[in-house]
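This explanation is intended for a reader who meets the structure for the first time. It begins with a single residue, turns to the overall form, and then visits several local sites.

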Amino acid sequence: MKIRIAAALASVLLLAGCASLPDSSTPQAIGTIAPSPVTGEVPVPMPGREPNLLLRDFFAASTDPENRHAAARQFLTPAAAERWDDAASTTIVDKVDVLAEQRNGDTATFTIRANKVGQLEPGGSFQATEGNFEAKIHLRRADGQWRIDELPPGVIMDRPQFLKTYQRNALYFLAPSENLVVPDLRWIPARQENLPERLVDLLIAGPKSVLANAVGNELAGLSLRAPVTKADGRTEGVGIGFGGVRIDFEGAQGLDQRQRELLASQVVWTLANAEISGPYVLLADGKPLDERFPQGWSTTDVASTNPTASVSAAVGLNALRDGALVSVTDTGAQPRPGYFGSATSLESIALSRDGKSAAGVSAAGQASGTVRTLMVGPIDGDAVPLLQGGSITRPTWSPDSGSVWAVVDGSRVIRAERDPAGQMSVQPVDSSAIAGLGASITELRLSRDGVRAAIIVDGKVYVTTVERNPDGHYQLVNPRPAAVGLGSPAVALDWSGGDSVVVVRAASEIPVVMVSQDGSRMDALPSRNLTSPVDSVDASPTTVFVGDARGVFQLNNNDPAGDRYWREVPGLTGVKATPVLPG
C-alpha cells in the first residue's frame with residue numbers, strides 16, 4: 001500500500017519554487033518564497049490514528065525543534081523517545097512515499113522513500129543535496145494507540161511543511177573591505193516576536209563555517225546584557241509591527257568609533273531585511289553605542305554598507321554587438337571610443353564596478369586553432385594584452401575595481417591585479433578545491449561583495465567562497481551546489497543580489513531561473529517574449545538582462561507578478577547582442 005504524504009505537485013511548487021526543472025515542459029508560474037509569519041501549528045497524536053497517518057503527523061511535528069523536538073517525541077513510545085537522537089542530522093526531503101512492509105496485530109513496519117533536497121546544518125544553514133532517501137520505521141500499538149517504536153537517528157522533514165514553519169533570513173557580516181555587508185542565509189524556526197533576539201544571537205555566534213575565513217564580525221565576543229525589547233523597553237510583541245527594538249550589548253565598550261559603526265551596520269541590515277522595523281536602539285553596556293544616535297539607528301545611518309545598492313544605474317547599460325562594445329541609451333546604441341568600441345573580435349567583456357575600466361576576451365584564428373587574448377584597459381581608451389589561451393571565460397571584476405578574474409583553458413583560474421602605478425600583473429588563484437567538480441569551468445562571476453564566486457562546471461552551478469591568504473594570494477574554497485534539479489545544463493549566470501544568482505539554462509521552456517546562493521530555492525522566471533536560444537545574462541538587484549535569438553530583453557524585479565514579462569531593450573531590438581553591466 002502506498003500513501004502519498006506530499007501535497008500535490010502544483011502546491012509544492014508554489015510553496016517551494018521549482019524543486020526540479022524538466023528539459024521541456026509547459027511554462028509554470030512559480031513564485032518566490034516571500035517572508036511570512038510561521039504558522040506555529042504542529043499536530044499532536046490523535047486518538048485512534050492509523051499508523052500511516054500517524055507517521056504523516058510525526059513528520060509534520062518534526063519541524064518544531066523546541067525542547068529537543070518535544071512535539072515529535074509525543075508520537076514515539078517512551079522507550080523510543082528516550083533513545084531517539086534528534087541532533088544527529090536534519091534531512092529535508094520531497095515527494096515522500098510511505099510503503100507498508102508488514103502489519104501484524106499490534107506491530108507494523110513502514111519504509112519511507114523520498115528525494116533528498118537538503119540538509120539543515122547547525123545554526124540553520126541549508127546545504128543543498130540530491131539523491132534518494134530510504135529508512136524503515138517500526139510502530140507498536142499499546143493501549144489501543146499506535147506509536148513509533150524504532151526509527152533512525154536524525155530528523156526527517158517534508159519540504160512543504162518545512163517551508164511553512166521555517167523562515168529564511170540573512171545574517172550580515174563584513175566583507176574584507178569593510179565597505180559592504182555579506183549575507184549569510186539561515187532558516188529559523190522562530191515566531192516573529194522571538195526573531196530579533198534569535199538573529200542577534202546568531203550574529204554573535206558568527207558566520208557559517210564556509211564563510212569563517214572570508215568575513216569579519218564585530219559582534220564576536222559580545223553577549224546580550226538583557227533580553228531584546230521594543231525601543232521603549234516593552235517586552236510584548238518584540239519584532240512585530242512598529243516600535244523598533246532595543247538591544248544592549250555587553251563587552252562593546254572597548255570598540256572604537258569605526259568598529260561601532262560596523263557593528264551597527266551588521267545589526268541594522270540583519271533586522272531590516274527580516275522586516276523588523278526600527279528604530280534600532282543599540283546600547284553598549286547600558287549606554288548608547290554611538291552618542292549621535294541615542295534614539296536609535298535607521299537604515300539611512302548605515303546606507304554606505306547597503307547590501308542591495310547597485311552601481312548599474314550610474315554606469316548605465318552597455319552591450320557587446322558585432323564584436324565591439326556599444327553604449328546603450330533610450331535612443332539607440334553607439335560604439336564606445338577607444339579599443340573596446342572599435343574592436344571586431346571580442347567574444348565577451350566585463351566593466352569594472354566604477355565603470356572606468358574594461359576587460360574583454362578577443363578571439364583570433366591561427367593555424368593551430370583559435371587563440372583568445374584577455375585585453376584590459378580604460379573603457380574608452382587603449383587596451384593591453386595580459387594573457388592568451390585556447391579558451392577564456394567572461395571576465396569578472398572585484399568590488400574595488402582593482403582586479404579582474406577569469407578562467408583560462410577551462411581549469412586555470414587567474415586574477416590580474418592593478419598595482420599602484422596602474423600596471424596589471426597576473427597571479428594564479430588556487431582552485432584545487434573545485435578541481436574535482438568536473439572537467440571544464442565555463443563561467444565564473446564574483447559576487448558584488450567579492451566574498452563568493454558563482455561558477456558553472458560541466459553545466460552545473462556551484463557557489464564557492466573567495467579567501468585571501470596571508471601571503472596576498474587568493475583561493476576558491478568550499479564549493480556547494482546551488483541549482484540541484486536544474487534539468488538542463490547551465491550556459492550562463494550572474495549575481496542578481498548578494499543572496500541570489502540568475503541562471504540561463506539550455507532549454508526552450510523556462511530558459512531563465514533564479515536560484516538562492518545556498519541552494520534552498522529555485523524559481524522559474526517568466527518566459528514570455530523570449531526566443532530560444534537564450535545564451536547570455538547580466539543582472540543587478542533590480543533588473544535582469546538577457547540576450548536571446550532576437551535581441552536583448554530586460555525583466556524588472558519590482559514589477560507586479562501579473563505584469564512581469566520580458567521587454568525589449570530600446571536600441572537593441574532585433575539585434576544579436578550581449579548585455580553588459582558593471583562587474
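In which loop does D285 lie? The model shown here is predicted, and in it D285 occupies the loop between β12 and β13 (287-288). D285 is not a glycine, yet its phi is positive, at about 55°. Its relative accessible area is 26%, and because buried means under 20% and exposed over 50%, D285 is partly exposed.

The wider setting of this loop may now be described. The secondary structure of the protein consists of nine helices and 37 strands. Along the principal axes, the C-alpha trace spans about 85 × 60 × 45 Å. A compact globule with 583 residues would have a radius of gyration near 25 Å; the protein has 26 Å, which agrees with that expectation. Of the 583 residues, 55% count as buried. Among the contacts with a separation of 6 or more, 54% are made by residues 24 or more positions apart. The accessible surface comes to about 24000 Å², and carbon and sulfur atoms account for 49% of this surface. As for charge, the protein has 52 positive and 64 negative charges, and the mean positions of these two sets are 3 Å apart.

Two helices illustrate how elements of the protein are covered. Helix α2 (51-61) has eleven residues, nine of which are buried, so this helix is largely enclosed by the rest of the structure. The buried residues of α2 are P51, N52, L54, L55, D57, F58, F59, A60 and A61. Helix α3 comprises residues 66-73, and its buried residues are H69, A71, A72 and R73. The cover over these buried residues of α3 includes α2, together with α4 (78-83) and β7 (155-158).

Attention may next turn to the loop between β21 (396-397) and β22 (403-408), where S401 is placed. Is S401 buried or exposed? S401 counts as buried, because its relative accessibility is 5% and the limit for burial is under 20%. The side chain of S401 reaches the backbone nitrogen of D354 at 3.1 Å. When residues up to four places away in sequence are not counted, S401 touches S352, R353, D354 and R418.

P399 is also found in the loop between β21 and β22. With a relative accessibility of 31%, P399 counts as partly exposed. Leaving out residues up to four places away in sequence, P399 touches R353, S447, R448, D449 and G450. R353 is thus touched by S401 and by P399. P399 and N179 are 220 residues apart in sequence, while their C-alpha atoms are 9.6 Å apart in space.

Strand β25 (residues 441-446) contains I441. I441 is buried, as its relative accessible area is 8%. Which residues does I441 touch, not counting residues up to four places away in sequence? They are T393, V407, G410, V413, I434, I455, I456 and V457. One of these, V407, falls within the span of β22 (403-408). I441 and Y474 are 33 residues apart in sequence, and the distance between them from C-alpha to C-alpha is 17 Å.

The remaining sites concern the geometry of the backbone. Like D285, I510 is not a glycine and has a positive phi; for I510 the value is about 50°. I510 lies in the loop between β30 (500-505) and β31 (512-516). With 1% relative accessibility, I510 counts as buried, whereas D285 is partly exposed.

Cis peptide bonds are the final topic. One joins G278 and P279, with omega at about 5°. P279 is found in the loop between α7 (257-272) and β12 (280-284). A cis peptide bond also joins S532 and P533, where omega is about 0°. P533 has its place in the loop between β32 (522-524) and β33 (536-539). Strand β12 therefore links two sites of this account, because P279 is in the loop between α7 and β12 and D285, with a relative accessible area of 26%, is in the loop between β12 and β13.

Conventions:
Residues are numbered from 1 along each chain as its sequence is written. This is a predicted model: local features need pLDDT of at least 70, side-chain atom pairs count only at pLDDT 80 or more; totals for chains, interfaces and linings use all residues. Side-chain values use heavy atoms; hydrogens and water are left out. Helices (H or I, at least four residues) and strands (E, at least two) are DSSP runs, numbered from the N terminus. The radius of gyration is taken over C-alpha atoms; the globule rule is 2.2 Å times the number of residues to the power 0.38. Buried means under 20% relative accessible area, exposed over 50%, partly exposed in between (1.4 Å probe, protein chains only). Contact means heavy atoms within 4.5 Å. Accessible areas come from the Shrake-Rupley method with a 1.4 Å probe; for residues, only the protein chains shown count as cover. Lys and Arg count as positive and Asp and Glu as negative; His and the chain ends are not counted. The place of a charge is taken as NZ of Lys, CZ of Arg, CG of Asp or CD of Glu. A polar contact is a pair of N or O atoms within 3.5 Å; within protein, one must be able to donate a hydrogen and the other to accept it, and residues adjacent in sequence count only if both atoms are side-chain atoms.
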